[in-house]
Amino acid sequence: MRFVVDARYAGPRPSGIGECVRALGKRLPAVAPEANLHFWVRPGTARFAEGPRVSYEQIRTAPASLTTLLAPRLLGRLETDDVFHAPANILGFGLPCPAIVTVHDLMWLEHVDWCQPVPWLRPISGRYYGVGIRRALEQSARVLTVSHASADAILRLFPRAKAKLVVTRNACEPMFCAPDSLAEAETAAARATGVNGPYFLVVGQNQPSKAHHVALRAFAAVAERVEQRLVLVQRLEPGRGLHRLAQDLGVAERVSFVPGLRLDQLLPVYQAASALVQPSLAEGFGLPALEAIACGCPVIASDIPPLREVLGPAGTFAPPGNFDDLAHALLLLANDVQRRSELRARGLEQAKTFSWDETTKLTWDVYRDVAARGR
């Protein structure tokens, strides 16, 4: 028997799902040394799991492909006694073995326009993910999800999934920690971003659900009253749709758009920031918020259940989409050194409540249970 994990998102391009897959994969051999672990990866992916029972198979097809949905058994070798883990929301047709799916959120079912910025692609993308997510919730042997907030959202729409739903919360790597030297972190952050001096930080994919335009408008409202700049570290087309907005708002000279960074580059950028701003309209978890507080960086976030769960008493919250309230929070935090210090201390404690080791153990329990029960 093998446990086959579709790890194609764990390639060189940064992504939240990729980070989750790598974190799980590199811990599974220690948690389950007796298990035969087999990872599907894209060509060029660095090895992230090591052990005598670990194997890899290169899959050239991209993760979000028609084959992934319509004929996943054509991607790589699968046997009837395998257990398959699909960690990216969807379950394909025709698998020969029991499957576990991680459903991160239901945005594709509820707000296609927040996920797909190109209007003519929305019917196509919505159909693809709609079918795949519904199959995951209805046909998989187990459904994993990354937060209690996501579990609540799933059960509101799919109450029958309750018996097979397991919360395996995301976490962040131990490398995300407070700096030994703030001065050194500031120097490294300046190298990574090209920005000297204090800054507010936004991290995440440049897509509508992340609402980076809200952060930009909030910053523009207070720019003349704060010394900070705004740095947006964006995966996928950094600055797309926002360069013109920054110019129209008169803050283009105070705003920097940075392509996705490696984790070792991102670390000092968190550590040196005055605050992370996460204005998301929806999230499954909110990994940048957790990474930030683990680094001692205060966070101002949308008041939505997943970010409330991640940040707890360490967060400052504003209603989603409301840039006036977000601007007020930015202004207060920029001018209140004591408040920033209090939030740093709370954040470091809150971050300790999340653990990839615990999540991996819980995930292995699910793997083992599915293997024992079959379908």
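Biologist: In this predicted model, what makes the contact of Glu79 and Arg77 a salt bridge?

Modeller: The side chains of Glu79 and Arg77 meet at 3.2 Å, N to O. A salt bridge requires a side-chain nitrogen of Lys or Arg within 4 Å of a carboxyl oxygen of Asp or Glu, so the pair qualifies.

Biologist: Why is Glu79 called partly exposed?

Modeller: Its relative accessibility is 34%. Buried means under 20% and exposed over 50%, so Glu79 falls in between. Arg77, with a relative accessible area of 46%, is partly exposed by the reasoning of those cut-offs.

Biologist: Which residues are joined into one network by salt bridges that share partners?

Modeller: They are Lys26, Arg27, Glu173 and Asp357. Within this network, Asp357 and Arg27 have their closest N and O atoms 3.0 Å apart. Asp357 lies in helix H15 and Arg27 in helix H1, so the pair ties together parts that are 330 residues apart in sequence.

Biologist: How do you know whether Arg27 and Asp357 are buried or partly exposed?

Modeller: Arg27 has 12% relative accessibility, which is under 20%, and therefore counts as buried. Asp357 has a relative accessible area of 42%, between the two cut-offs, and is therefore partly exposed.

Biologist: What makes the salt bridge of Arg8 and Asp6 a pairing of buried residues?

Modeller: The two side chains meet at 2.8 Å, N to O. Arg8 has 3% relative accessibility and Asp6 has 9%. Buried means under 20%, so both residues count as buried.

How values were computed. Residues numbered from 1 in each chain as written. Predicted model: local features only at pLDDT ≥ 70, side-chain atom pairs only at ≥ 80, totals over all residues. Heavy atoms only, no water. Buried < 20%, exposed > 50% of the residue type's maximum accessible area, 1.4 Å probe, protein only. Helix = DSSP H or I, 4+ residues; strand = E, 2+ residues; numbered from the N terminus.
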